[in-house]
Amino acid sequence: MANISIIVGSMLGNAEYVAEACEQTLVELGHQVELHFSPNLTDIEQKNRTWLICTSTHGAGDYPDNIQPFVDQLTASKLNFDHNQFFVIGLGDSNYDTFCYAAKNIKKLMISKGSKELIELLTLDISCDIDPEQASQDWIIKNQDQLS
Ligand SMILES: Cc1cc2nc3c(=O)[nH]c(=O)nc-3n(C[C@H](O)[C@H](O)[C@H](O)COP(=O)(O)O)c2cc1C
């Protein structure tokens, strides 16, 4: 079983609810989980090597304010992420040309740092009639074999 840090990027709370739903499912699957609503690279890097990044997109393809400092730390970091692994859930609205750019960009950033993507990015379109929490939980259960 894995020790998983959930790193949250959220302005209005939607991605936060999704992150909490994911936490519940991951714990039920037997994983140890920590949620980070004000993520700080120094805290997270030393503890867990499996990260779930759960972020919405704001502005015109921008990161939510609470995760921007973490992205800046990660961008500047000289740490070796070869032993780190991650997966990303993005929340967005497909009426924007910049649909889920924050999730797509942090995925690229993680790969550029040497981290390994465990499960292909999930993007959730809130303009569709979906339940983002349920969709994320179903996605984790479907892909649970990638996490052991
Ligand atoms: C001012 C504003 C700008 C937004 N910009 C984008 C965007 O560029 N791309 C996108 O996919 N969604 C965009 N969205 C949609 C949000 O990502 C979506 O509402 C999401 O559910 C918000 O999640 P949060 O409550 O966790 O912040 C925007 C929403 C607002 C209110």
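**Strand E1, the core and the ligand shell**

In this predicted model, strand E1 runs parallel to strand E2 (residues 32–36), and the two pair over five bridges. Within this pairing, Ile7 stands opposite His36 of E2. The connection from E1 to E2 passes through H1, and the resulting β-α-β crossover is right-handed.

E1 is also joined to E3, again in the parallel sense, by six bridges. Here Ile7 has Ile53 of E3 as its bridge partner. Six of the seven residues of E1 are buried, so the strand is largely enclosed by the rest of the structure.

The largest nonpolar core comprises 34 residues. Ile6, Val18, Cys22, Leu52, Ile53 and Cys54 have the most contacts inside this core. At least two core residues come from each of strand E1 (3–9), H1, strand E3 (50–56), helix H3 (68–76), E4, helix H4 (101–112) and strand E5 (116–125). The greatest contribution is that of H1, with six residues. Leu52 shows how parts of the chain meet: apart from neighbours within four places in sequence, Leu52 is in contact with Ile4, Ile6, Cys22 and Phe87.

The ligand is surrounded by 22 residues, of which Ser10, Leu12, Ala15, Ser56 and Gly92 are the closest. Helix H1 (14–28) and strand E4 (85–92) each provide at least two residues of this shell; H1 and E4 also each supply at least two residues of the core. By residue type, the shell consists of 11 nonpolar residues, 10 polar residues and one charged residue.

Terms used. Residues numbered from 1 in each chain as written. Predicted model: local features only at pLDDT ≥ 70, side-chain atom pairs only at ≥ 80, totals over all residues. Near = placed C-beta within 6 Å. Helix = DSSP H or I, 4+ residues; strand = E, 2+ residues; numbered from the N terminus. Nonpolar A, V, L, I, M, F, W, Y, C, P; charged D, E, K, R; others polar. Core = buried A, V, L, I, M, F, W, Y, C linked by C-beta atoms within 7 Å. Buried ≥ 20, exposed ≤ 12 C-beta atoms within 10 Å, placed from the backbone. Contact = placed C-beta atoms within 7 Å. Pairing = 2+ DSSP bridges. Right-handed = clockwise from strand over helix to strand, strands pointing away.
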